[in-house]
Structure formats: structure tokens, C-alpha cells
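Ready for a few hands-on exercises? Open the model, keep the sequence beside it, and try each task before reading its solution.

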Amino acid sequence: MGQPPPMISNSPPVSLSFSLMAPPRILLTGDPLGHLYQLFKRVSSVNKSTGPFDAVLCVGQFFPESSEHLEELTEYVEGRKNIPLPTYFIGDYGAGAAKVLSAAAKETGNQGFKMDGLKIRDNLYWLKGSGKFTLHGLSVAYLSGRRSPSGLIYGTYTQDDIDALRALAEEPGIIDIFLTYPSYLFQFQASTSNIPPGISDSTGSDAAISELVAEIKPRYHVAGSKGVYYAREPYMNDDAVHATRFIGLAPVGNASKQKFIHAISPTPASTMSSTEISTKPPNTTLSPYTQAEPEKRSAESVSDSQYWRYDVSKRQKLGSGESDKLCFKFISSGSCPRGDTCHFRHDMEAREQSMRGVCFEFLNKGKCERGEDCSYKHSLQEKGNSRSKECWFCLSSPNVESHLITSVGENCYCALAKGPLVQDHVLILPIEHLPNTLTSPPECEIELVKFQKSLKDYFKSHGKEVVFFEWVYIRTTHANLQAIPVPLSRASAVQDIFNLAAEKLGFKFMVLKSDKSSEGRKLVRREYDGKSSLFYVELPGGIILSHVVEENEKFPVQFGREVLAGLLNMADRADWRNCKLSKDEELKMVERFKTSFQEYDPNN
């Protein structure tokens, strides 16, 4: 089933994505310009000598400048040449671009709302337009192509792409890496040293990107297309505690032998403590964007583009119908600092629908391009816990993926997770449309505990313990308690790992000890008031760790999964979307589990 919306003991050494695991290692490259043989030969060499690396991020023009290198491009695109590492590119222009990219866009697997790259072939992904995705724990944002008024389909970005990034910038969390065409940063270098000749020339730079970088405040800003290598001193961001490093890369195979490949190994910001994030690197300067001249747009229009939020696919010019669009600030928080001067609608009914978990984009446009990747409801909700026809988990919903269900009781059912972290990743869910298991009726709780006992016995027979956790979010649509098996050799480390993860995020768990898991759950149910979000995890041995999440607290929605991904050395599987299977694979997975679990199933 789908995942819910919006980590030292005597055991063997644990490699943890959330804290202890080595940071991901990323190779950055400048404009390939179609010189793919030279690019991937160099990548293979670096990976062999100083690797292993996890991925390659290409900035600048990816495709050839002329048709002379099309044969070389075709050999890689069609799979006749090997691409050694997962490679992501943003410079979607040059000879052959239209043919390759139009074909990729038509592929079934590339349909829908995809921000983590359209697959060109194995290990080659096109980052189209603008977006943000998670790569080995790192938050990566990008703006593909160049600003152009020509309306070209490929190689350019639009105001819609910029507005979508501004909307993403408002979301919690720090962007680790931002990939772009050059900005106007090069004009403001008075306090920096070792500036290569030509870097300060604004030709080929973009002021709009300067504004974006100042708003997004990434930890690394990477750009190409200036023809030289330039690593600027770190600079502090206005209204932020962390510093940004700018890296400009030269084209692949450039005649002046400027550096075109650069390695970084940043710890994901989401796993760092506030002290680590705010540590000021040596030689840090002030922000080069403080003095930057914005594009010639009025302050009002800049502000409006941020309040527009996700309504970018059919955007109209300002002044022609904005009053029909909802104000994101008001809908999400209940207030708007612009008051009566706001160009967008302050609709209390829409605000109430949002509070019931309805998707803002659905409210604003009547549809949501994220589809099944969206965490929120795509239908209007009546007051109270009414069933949603859009709910993935309601057995009465036409959208429930019934082929993943493994056992059904009177009040609860079990299903295998969609995009499982490990084999036999199980969800226990109430049949009724309930927001969490802690406030469920007694008869539901009794049946849930029976499922837990059965799963413990089943995993014990396979030499494993099981960890249960639930993210009780006040806007969650349907409760689900996740059950993930861990090897006995790692079971004793689970509590330490969760405590370490909590410390990294700046909080401490409340510890509830009980001889029986059911008694521990009774304590959690008794203490939970239903007015706030809560994360809790039931550990092998009966201990329960819980944490009440304050309204403005930044808390990773996949916290439990991310911690266990690290414990099991599976950092690349922390996001369920990276683990999707075909329906045929899911059917085989379910059949195997049902056969194996049959003698433990309480409903047999």
C-alpha cells in the first residue's frame, strides 16, 4: 500500500543513513557538450581511483553544439555504451536534444508529475523544468535550461518553473544542492579572491537565478556554461544560519584544461544538528546577493508570484483573474499578512477543507499533477471522519490497491507496503476511515494487537525481530501502523539509533517501558490527546519511544523509515518512491508472503 503523506551498543558497527552512515559521494560536472565518451571515461577513472561515488550531476549544456558529435551521443542514449554511474543532467539543449527528449517524454514510465528525473536509459536521467527530489538523502533542487522568450519546448525555462521553485522554497527543510544556469553572482565579488578572468562578465548569466538562489539558500549552488572553473569562498545567507558554497565548472574537454569534474560528500542537512548546520566555514564572506539587482519586476509582482504557490501550469498574467485563485498563505495558516491588499482569495471554506487534509492544488485548480505521489486528499471532505473515495486505504474506495492486501479481519487488515523498504514490509490498517490507531475503537485496538503478535511470531521464526512505528499526523487521511523486520544482530541497536537520530533533530524521546507491547500501547493511547502530531516506535523488547511534534517543528515525515534504512545499510531505499515495483512484481511478493504467513495469520 502507499506510504503516509506530509535517526552504541555491543552489536556490530551500524552504518546509518540518518547519522552514522558515510555521507553520499557525488560527482559534479560542467557542460558535457556531447563529449560523453570523455565524460564517462573520466567518471569511471575517478570512481575507480577515489570512489565509489553514488551519482553524477551535470550542469550546463548536455547535448552537442553541432551534429558532429551526434553519433557519440546516440551510442550512449541507445545503450551501446556503458554509463558507469546514475547521471542526472539539466542542460536540455543542443544538437539532438529535441529528438532524444521528445522520445523520452512519451515513455509510459515518464508520464505524470516526476521531479526525480525522466529516464532516458539506464543510469541517465533528464531533470526537466524545475523541481526538487531526494538523492541518497540529499535534497536536490534544479532549474533546467536557460531563460528565453522564444517559447522553445526544450532548453528553456519559464516563469512557471521559477514560481514552482519559489513554492518549494517555502517548504520546511534546507536544500543541499541547487543546479542552475549561471546567475549574476559573478558581478559582486569585491570580497573574494582568485577570480578567473571573464568570470565577472555578466554575459550568459541570469538575474532571475540570483533571486532564486537568495530565496532558496542552498548549501551548494552548482552551475556551468561560463567556460571556466570557479569555487567561490563560502558565503552566509540572509535570514539563515547556514553557509552556501558556489561551484562553477568548465565544459568537458575544454582546450584550456580547466577543471570540469568536482567531487563533494556533504552530509544531508536533514540529518545534521542545529550546531552542525550553523558552523561557519573558514573564509566565509557576506552574501553576494545582498546588493544584487532583481529583474525589472515590481516588488508586488515578485511577492504575488510567491503567494500564487503551486498554481503554475495555467498561470495568467497578473491583473487578469488572480482573485479567483486561492492565497496559499491564508489557506495553510489561516492568516495572510497582506490582508485586504492580497490579490488572491481568502476563502474560509477552502481553509477548512485544507484542515481536513484536502490538497491545496486540488482546491485551487480542481486537479493535482502529483497524482498518487501526493500525500493529500483529492476530494472535498465532510466534517468529521468521513470516508474519502480518494483514500488509498479505505477498503470501500475504488482507489485501494487490493492486490497488496494479505489478511482481513473484522476491524483491521494487513497489506504489504507499496515501495517496501525490505521484504515483508507490512502495514496494519483499520478498515474504517480513522486518522490514527491511537484513537481507534477498543475492538479495533484488540485486533491490531493480535496482528502485531502474529507478525512477531512469524518474523521470530525467520530469525528476525520486528519494529512497529506510526506517524500520527493531524492531517493524515488514514491510519497505518508500519511493521519492518530487522535481523537479530541489529535488534539491540534500534533504540540507540532512534535516540541518536532524535538528538540530531534536537529532541529527546519519551520512553515508555512495559513487559507487554499491548500495555505500552495502552499508555500511549491514554496520553495522546489527539490535538497534535506524534511519532512513536515500538521496539523489540516492549519499549516504546514517543515524541509529540509541535505545530511549527520541522519533522521528517518518513523519519521511521529513514532511521531503519540507515540501520539496515539501505540509505537509497529511505524514500518509498525509489522502491516502486511493477504490479506483476507486487503480486508475486504478496503471494509469497501469504503462503509463508498462512500458519500465523489470525484470520485463518
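Four exercises with worked solutions follow.

This is a predicted model, in which local features need pLDDT of at least 70, side-chain atom pairs count only at pLDDT 80 or more, and totals for chains, interfaces and linings use all residues. Residues are numbered from 1 along each chain as its sequence is written, and side-chain values use heavy atoms, with hydrogens and water left out.

**Exercise 1. Find how many disulfides the structure holds, and work out why Cys414 is not bonded to Cys412.**

Step 1: A disulfide is a pair of cysteine sulfur atoms within 2.5 Å. The structure holds 0 of them.
Step 2: The closest cysteine sulfur to that of Cys414 belongs to Cys412, and at 8.2 Å it is too far for a bond.
Step 3: Cys414 is buried, at 1% relative accessible area (buried is under 20%, exposed over 50%, partly exposed in between, with a 1.4 Å probe and protein chains only). Cys579 is also buried, at 2%.

**Exercise 2. Describe how helices α1 and α2 cross, and which residues meet.**

Step 1: Locate α1 at residues 36-50 and α2 at residues 70-77. Helices (H or I, at least four residues) and strands (E, at least two) are DSSP runs, numbered from the N terminus.
Step 2: Their axes come within 9 Å and cross at roughly 50 degrees (axes are lines fitted to C-alpha atoms, for helices over the stretch in contact, with angles from 0 to 180 degrees between N-to-C directions).
Step 3: That makes α1 oblique to α2; angles under 35 degrees count as roughly parallel, over 145 as roughly antiparallel, 65 to 115 as roughly perpendicular and the rest as oblique.
Step 4: From α1, Leu36, Tyr37, Gln38 and Phe40 meet Glu72, Leu73 and Tyr76 of α2.

**Exercise 3. Say where Thr29 lies, and whether it is buried or exposed.**

Step 1: Thr29 belongs to strand β1, residues 26-29.
Step 2: Its relative accessibility is 0%, so Thr29 counts as buried.
Step 3: Beyond neighbours within four places in sequence, its contacts (heavy atoms within 4.5 Å) include Leu39, Val56, Cys58 and Phe260.

**Exercise 4. Examine the backbone at Pro52, Asn123 and Lys217.**

Step 1: Most residues other than glycine have a negative phi, and most peptide bonds are trans.
Step 2: Gly51 and Pro52 are joined by a cis peptide bond, with omega about 5 degrees. Pro52 sits in the loop between α1 and β2.
Step 3: Asn123 has a positive phi, near 70 degrees, and is partly exposed at 22%.
Step 4: Lys217 has a positive phi of about 55 degrees, and at 16% relative accessibility Lys217 is buried.
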